[in-house]
Amino acid sequence: MTDLPPDLPRLRTLETWLRYSLARVQQEIAARERREQERQRGIAARPPRPDWVIERGLNRT
């Protein structure tokens, strides 16, 4: 016993829907991969921490 429709028109409809769904999933994967690559480039391009930091006194003068 199969859970697929018994007739060709409904099988074609199911095939179309599955192709559409797969395309959406693939687009989302590609978008998330691009965001991750951008994040990694941002981390790599981040300037180094300075060797020193200016601190203010408690009286802020």
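**Entry 1: charges**

I started by counting charges, and the chain has 13 positive and 9 negative side chains, with the centres of the two sets 5 Å apart. In my count Lys and Arg are positive and Asp and Glu negative, while His and the chain ends are left out. I placed each charge at NZ of Lys, CZ of Arg, CG of Asp or CD of Glu.

A note to myself on what I'm looking at: this is a predicted model, where local features need pLDDT of at least 70, side-chain atom pairs count only at pLDDT 80 or more, and totals for chains, interfaces and linings use all residues. Residues are numbered from 1 along each chain as its sequence is written, and side-chain values use heavy atoms, with hydrogens and water left out.

**Entry 2: overall shape**

I looked up the secondary structure next and found 1 helix and 0 strands in the chain. Helices (H or I, at least four residues) and strands (E, at least two) are DSSP runs, numbered from the N terminus. The helix, α1, covers 8-45.

Then I checked how spread out the chain is. Its radius of gyration is 27 Å, whereas a compact globule of 61 residues would have one near 10 Å. That radius is taken over C-alpha atoms, and the globule rule is 2.2 Å times the number of residues to the power 0.38. I also boxed the C-alpha atoms along the principal axes and got roughly 85 × 25 × 20 Å.

How many of the 61 residues, in percent, count as buried? I got 3%. Buried means under 20% relative accessible area, exposed over 50%, and partly exposed in between (1.4 Å probe, protein chains only).

The accessible surface of the chain came out at about 6,600 Å², and carbon and sulfur atoms hold 56% of it. These areas come from the Shrake-Rupley method with a 1.4 Å probe, and for residues only the protein chains shown count as cover.

**Entry 3: salt bridges**

Side chains of opposite charge can pair when their charged atoms come close. I searched the whole structure and found 6 salt bridges. To count, a side-chain nitrogen of Lys or Arg must lie within 4 Å of a carboxyl oxygen of Asp or Glu.

Which residues are linked with Glu15 in a network of salt bridges? They are Arg12 and Arg19. Arginine 12 meets glutamate 15 at 3.3 Å, N to O, and arginine 19 meets glutamate 15 at 2.9 Å, N to O.

I checked the spacing too. Arginine 12 and glutamate 15 both sit in helix α1, 3 residues apart, about one turn of the helix. Arginine 19 and glutamate 15 are 4 residues apart in α1, again about one turn.

For exposure, I noted arginine 12 as partly exposed, because its relative accessibility is 49%. Glutamate 15 is partly exposed as well, at 30%. Arginine 19 counts as exposed, at 56%.

Further along I found a salt bridge between glutamate 36 and arginine 39 (2.9 Å, N to O). The two are 3 residues apart in helix α1, so about one helical turn separates them. Glutamate 36 is partly exposed at 35% relative accessibility, and arginine 39 is partly exposed at 45%.

**Entry 4: a nonpolar patch**

I looked for nonpolar groups on the surface and found a patch of Leu4, Leu8 and Leu11, with about 260 Å² of accessible area together. Patches are made of residues with over 30% relative accessible area and no salt bridge; like charges are joined within 9 Å, and nonpolar side chains (Val, Leu, Ile, Met, Phe, Trp, Tyr) within 5 Å.

Leucine 4 is in the segment before α1. I put leucine 4 down as partly exposed, because its relative accessible area is 46%.

**Entry 5: beyond the helix, and distances**

Is arginine 49 buried or exposed? I found it exposed, because its relative accessibility is 77%. Arginine 49 belongs to the segment after α1, as does leucine 58. Leucine 58 is exposed too, with a relative accessible area of 91%.

Last, I took some C-alpha to C-alpha distances. Leucine 4 and proline 50 are 46 residues apart in sequence and 64 Å apart in space. For arginine 49 and leucine 14, 35 residues apart in sequence, I got 56 Å. Leucine 58 and glutamate 36, 22 residues apart along the chain, are separated by 42 Å.
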